[in-house]
Amino acid sequence: MMNQSKHRFTFEMTESPYSLYKEIRSIHPVYKGSFLKYPGWYVTGYQEALTILKDNRFQTRIPLPETTKKYEALKKIQSRMMLFKNPPDHGRLRMLVSHKFTPARIEKCRPYIEKIAIDLWNDLKNKKKIDVISDFAYPFASLVIARIIGIPDEDKDIFRGWALNLIQSLDFTRSRRSIVDGNNTTLEMLSFFKDLINKRSQSPQDDLISELLHQEDKKLTEEELLATSVLLVIAGHETTVNLISNSLYCLLENPKEYHKLIENPSLIESAIEECLRYESPTQMIARIASEDVELNNVQIRKGDHVYVLIGAANRDPNQFSNADTFDITRIPNPHLAFGSGIHFCLGSALARVEAQIAIQTLLQSEVNIHLETKEVEWRNLVGFRAMKEMYVHLYDQSTNH
Ligand code: HEM
């Protein structure tokens, strides 16, 4: 019998999730447990995770307890986000936005994403020591998503606090306090975006909000536009910051792979895919069964909670050979880091390009990067894989200091 205390789960999910995943998978890839507040099925097998994500009988839902006056704004805005919508509403909302995030559209943004990365790095590379997360990844991801949505550059810093607050209120470890904070953040964001939408409806610019406001037909309502803007800020921020920092961490921790990439920069695409698989920024996606479903000899009942551990599926040895080995030449690499099915990450093309550019910028400069400590601390989250900070020392390659 496995020790299923919530404390053990949240502790191990922070410290060493992969050994915990292995232990759960060895009992059953679809394991009934009660680690979290709501007992449910913990899915660690790749095929099972894929099946669930593609099957609309497993529905998404707002990750909030029953409503109280204390977090009504948060609940209302979440209920209008595509992430928490099921068919048919989901498809309509997603269709109105999805053409802005296709790989071809994102390729057009490449020059300014590169410029943002280079400008930031030029200001940092002569320093002796930096925190990759707060000094580079955050301002980078903020500037990129702000530029795409249409938020003026000078306002981007306030987004860091907002994004941090909201991600905490979404995670399974959240406290009532963080939900209330999330509610206050939502109110601030709503007032910010209402103002911005007003400005853009009067004088449109070359940005997403203006485009969505002036779409010919099947427009989003103002409420939906507000919810979509807030969703894009949260989704486009935290996970991308974590993708960049986790990727650099994987490479610095695996010097052979790091040197392979330096010697052969064309490996950047497969390298980022491997970082996505190996240290997936999103570790868990929750669903609820809308009817009884049998899966791999277990009977999931209508109303049961299902926790798809994509970080575990991405290390399933039945799908990936040498699953615990970080190999930047791994092809094919059908990881589930961006989910699957109708909610497959809308921002995946953008996140990929951002991570490729960020890592290329850091690695192709005349600076050597060394982790300050191997004992990095991970944030106390179970749905996301995120370091608290990531200090590195920078050395000039020519003088080595
Ligand atoms: C610029 C960056 C990003 C943007 C704008 C973005 C946006 C979105 C949006 C709008 C959705 C909801 C799609 C829907 O419900 O149909 C979504 C889903 C998702 N995103 Fe992203 N995302 C970004 C980066 C990332 C990154 C870096 C990761 C992690 C590797 C990630 C992982 C996911 C996952 C796993 C889902 C599916 C959630 C579910 O099925 O419940 N996203 N993303």
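Helices and strands here are DSSP runs, at least four residues for a helix and at least two for a strand, numbered from the N terminus. With that in hand, the structure, which is a predicted model, can be walked through from one residue outwards. Asp316 sits in the loop that links helix H15 (310-313) to helix H16 (348-363).

Despite its place in a loop, Asp316 is tucked away: its relative accessible area is 5%, and it counts as buried because that value falls under 20%. What does Asp316 touch, once its neighbours within four places in sequence are left aside? The contacts are Arg25, Thr44, Gly45, Tyr46 and Ala323. One of these partners, Arg25, is 291 residues away from Asp316 in sequence, yet the two C-alpha atoms are 8.5 Å apart in space. Tyr46 comes in through its backbone: its nitrogen lies 2.8 Å from a polar atom of the Asp316 side chain.

Stepping back to the whole chain, the model holds 16 helices and 10 strands. The radius of gyration is 21 Å, close to the 21 Å given by the globule rule for 401 residues, so the chain is as compact as a globular protein of that length. Along the principal axes, the C-alpha atoms fill a box of roughly 65 × 60 × 40 Å. Of the 401 residues, 58% count as buried. Contacts that reach across the sequence are well represented: among contacts with a separation of 6 or more, 72% join residues 24 or more positions apart. The pairing of Asp316 with Arg25, 291 residues apart, gives one example of such a reach.

As for the outside, the protein chain exposes about 17,700 Å², and carbon and sulfur atoms supply 50% of that area. The charge count comes to 50 positive and 52 negative side chains, with the centres of the two sets lying 5 Å apart.

A second acidic residue worth a look is Glu257, which belongs to helix H13 (residues 255-263). Is Glu257 buried or exposed? Its relative accessible area is 7%, and because buried means under 20%, Glu257 counts as buried. Neighbours within four places in sequence aside, Glu257 is in contact with Leu251, Phe326, Asp327 and Ile328.

The backbone has a few quirks too. Which peptide bond is cis, with omega near 5°? That bond runs from Pro87 to Pro88, and Pro88 lies in the loop between helix H4 (72-79) and helix H5 (89-98). Another cis peptide bond leads from Ile331 to Pro332, with omega near -5°. Pro332 is found in the loop between H15 and H16, which is also where Asp316 lies.

Two asparagines add to the list. Asn296 has a positive phi of about 45° although it is not a glycine, and Asn297 likewise has a positive phi, of about 70°, without being a glycine. Asn296 is placed in the loop between strand E6 (293-295) and strand E7 (298-300), and Asn297 is found in the loop between E6 and E7 as well. How much of each is open to the outside is another matter. Asn296 has a relative accessibility of 33% and counts as partly exposed, because that value falls between the 20% and 50% cut-offs. Asn297 has 69% and counts as exposed, because exposed means over 50%.

Notes: Residues are numbered from 1 along each chain as its sequence is written. This is a predicted model: local features need pLDDT of at least 70, side-chain atom pairs count only at pLDDT 80 or more; totals for chains, interfaces and linings use all residues. Side-chain values use heavy atoms; hydrogens and water are left out. Buried means under 20% relative accessible area, exposed over 50%, partly exposed in between (1.4 Å probe, protein chains only). Contact means heavy atoms within 4.5 Å. A polar contact is a pair of N or O atoms within 3.5 Å; within protein, one must be able to donate a hydrogen and the other to accept it, and residues adjacent in sequence count only if both atoms are side-chain atoms. The radius of gyration is taken over C-alpha atoms; the globule rule is 2.2 Å times the number of residues to the power 0.38. Accessible areas come from the Shrake-Rupley method with a 1.4 Å probe; for residues, only the protein chains shown count as cover. Lys and Arg count as positive and Asp and Glu as negative; His and the chain ends are not counted. The place of a charge is taken as NZ of Lys, CZ of Arg, CG of Asp or CD of Glu.
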